[in-house]
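This report describes the empty spaces of a protein model and a selection of its aromatic contacts. The structure is shown below.

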Amino acid sequence: MRPYLLIGIVSILAAVLWWGDNKFEKTATVKFLGVSLEAPPRPIDSAKFNSVTSISPSHVAIIPYSFTSAGSNKVIYDRDHRWWGESYGGVVRLTEMARAEGIEVMIKPHVWIQGQGWAGDFILEKERDWKEWEDSYRVYILDFAVLAESIEVPLFCVGTEYRFAAVKREEFWRQLISEVREVYSGEVTYAANWDNYEKVKFWDALDYIGVDAYFPLDTAAVPSKEDLQKAWIPIHQELELIADKYDKQIIFTEYGYRSVRHTAGPDWELEGNYFNEEAQQIAYDALLQSAWDKQWFAGGFLWKWRFYEGVGGVGDKGFTPQGKRAETTIAKYYRRMD
């Protein structure tokens, strides 16, 4: 065999082996040990903010909400006259507090549909209405993208859980992402709902695939960790296929569990269920142990951390892990992975 031919074959084999061991190398190898913050309605001080350091996060998500009405073609927001933590000044101050503790930030604008709540069901019928909605949504997103650039936030999310709009208006999202990149130099993602991420076609235009990971896993009142880990296996396989397809890592832009019985089942059916912090703790334990070593997985942002007095603890059936068994479990994993 000719020497140069042998060298060529060896080089190809080396490249194949390198690729097999280095998928997604273009993206960060450090996991996002993230926490979504509920915006405080009034200013807080550093002592109050520092409660979040109990679980040793690497990042927090700051979420400046805007509002629209079901069927409306307008996104309404006021960047100054809103809850303090959603205002320009509040976002800047929360970022300063986070950085004082060595924590970085994702800014994640999120639209609340008045009278409906979830943006996933938002849909318009007429092209004219879609265009007007796009114009107002663009202003909202670009305004916060400019802010994110001005305070050097490393990660920005262009939208959250628009099941219909993300599929029907693909070209709008591509254009919006391009416009965001003109004013913002950090990394960009979008937060798709768990049942919709495979239908989103513009992942190639982003730095990360974002998934709000409220996957129904098990309807038992208090499922075992082993059963939940088994339930995650086919989901992880599907997620890895998407990651491979776009050569992007996946961030769980939201993940979490209420402290109630049946918490690993369909989340939207859990209102009014019985308090159970063991079920929440087991669900977190199963997710963190099963996902964090996956190469396609870039970490995530748990939902959510709150700053008012008496939050969490026994009897609080909400998502926050504060004062519950889940807080200790999350801290154990985040500290180990830091």
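The residues lining the second largest pocket divide into 7 nonpolar, no polar and 4 charged. The structure in question is a predicted model. Eleven names make up this lining: Glu 38, Ala 39, Pro 40, Pro 41, Arg 42, Pro 43, Ile 44, Lys 48, Arg 306, Phe 307 and Tyr 308. The space in the second largest pocket amounts to about 170 Å³.

The largest pocket has a volume of about 970 Å³. Its lining comprises 30 residues, and those nearest the centre of the pocket are Tyr 65, Trp 112, Arg 258, Trp 303 and Phe 319. Two or more lining residues come from each of strand 1 (32-37), strand 3 (65-69), strand 5 (110-114) and strand 10 (297-305). By class, the lining of the largest pocket holds 13 nonpolar, 7 polar and 10 charged residues.

Enclosed space was also searched for. Across the whole structure, 1 cavity of 30 Å³ or more is found. The volume of the largest cavity is about 40 Å³. Tyr 214, Phe 215, Gly 256, Tyr 257, Thr 263, Ala 264, Gly 265 and Asp 267 line the largest cavity.

The table sets out the class make-up of each lining.

| Space | Nonpolar | Polar | Charged |
|---|---|---|---|
| Largest pocket | 13 residues | 7 residues | 10 residues |
| Second largest pocket | 7 residues | no residues | 4 residues |
| Largest cavity | 4 residues | 3 residues | 1 residue |

Aromatic contacts form the second topic. The structure holds 39 aromatic pairs. One of them joins Trp 232 and Phe 252, whose ring centres lie 6.1 Å apart with 25 degrees between the planes; the pair is therefore stacked, since planes under 30 degrees apart count as stacked. Trp 232 belongs to helix 7 (residues 225-246) and Phe 252 to strand 9 (residues 250-255), so the contact ties together parts that are 20 residues apart in sequence. Trp 232 counts as buried because its relative accessibility is 0%. Phe 252 is likewise buried, with a relative accessible area of 0%.

Trp 292 and Tyr 334 form a tilted aromatic pair, with 6.1 Å from centre to centre and 50 degrees between the planes. Trp 292 lies in the loop between helix 8 (277-291) and strand 10, whereas Tyr 334 lies in helix 9 (residues 325-337); the pair therefore ties together parts that are 42 residues apart in sequence. Both Trp 292 and Tyr 334 are buried.

Notes:
Residues are numbered from 1 along each chain as its sequence is written. This is a predicted model: local features need pLDDT of at least 70, side-chain atom pairs count only at pLDDT 80 or more; totals for chains, interfaces and linings use all residues. Side-chain values use heavy atoms; hydrogens and water are left out. On a 1 Å grid over the protein atoms alone, a cavity is a set of points where a 1.4 Å probe fits but cannot get out, and a pocket is an open set with protein on both sides within 12 Å along at least five of seven lines; lining residues have an atom within 4 Å of a point. Grid points are joined across faces, edges and corners, and a volume is the space filled by probe spheres set on the points. Ala, Val, Leu, Ile, Met, Phe, Trp, Tyr, Cys and Pro count as nonpolar, Asp, Glu, Lys and Arg as charged, and the others, Gly among them, as polar. Helices (H or I, at least four residues) and strands (E, at least two) are DSSP runs, numbered from the N terminus. Rings of Phe, Tyr and Trp (its six-membered ring) pair if their centres lie within 6.5 Å; planes under 30 degrees apart count as stacked, over 60 as edge-to-face and the rest as tilted. Buried means under 20% relative accessible area, exposed over 50%, partly exposed in between (1.4 Å probe, protein chains only).
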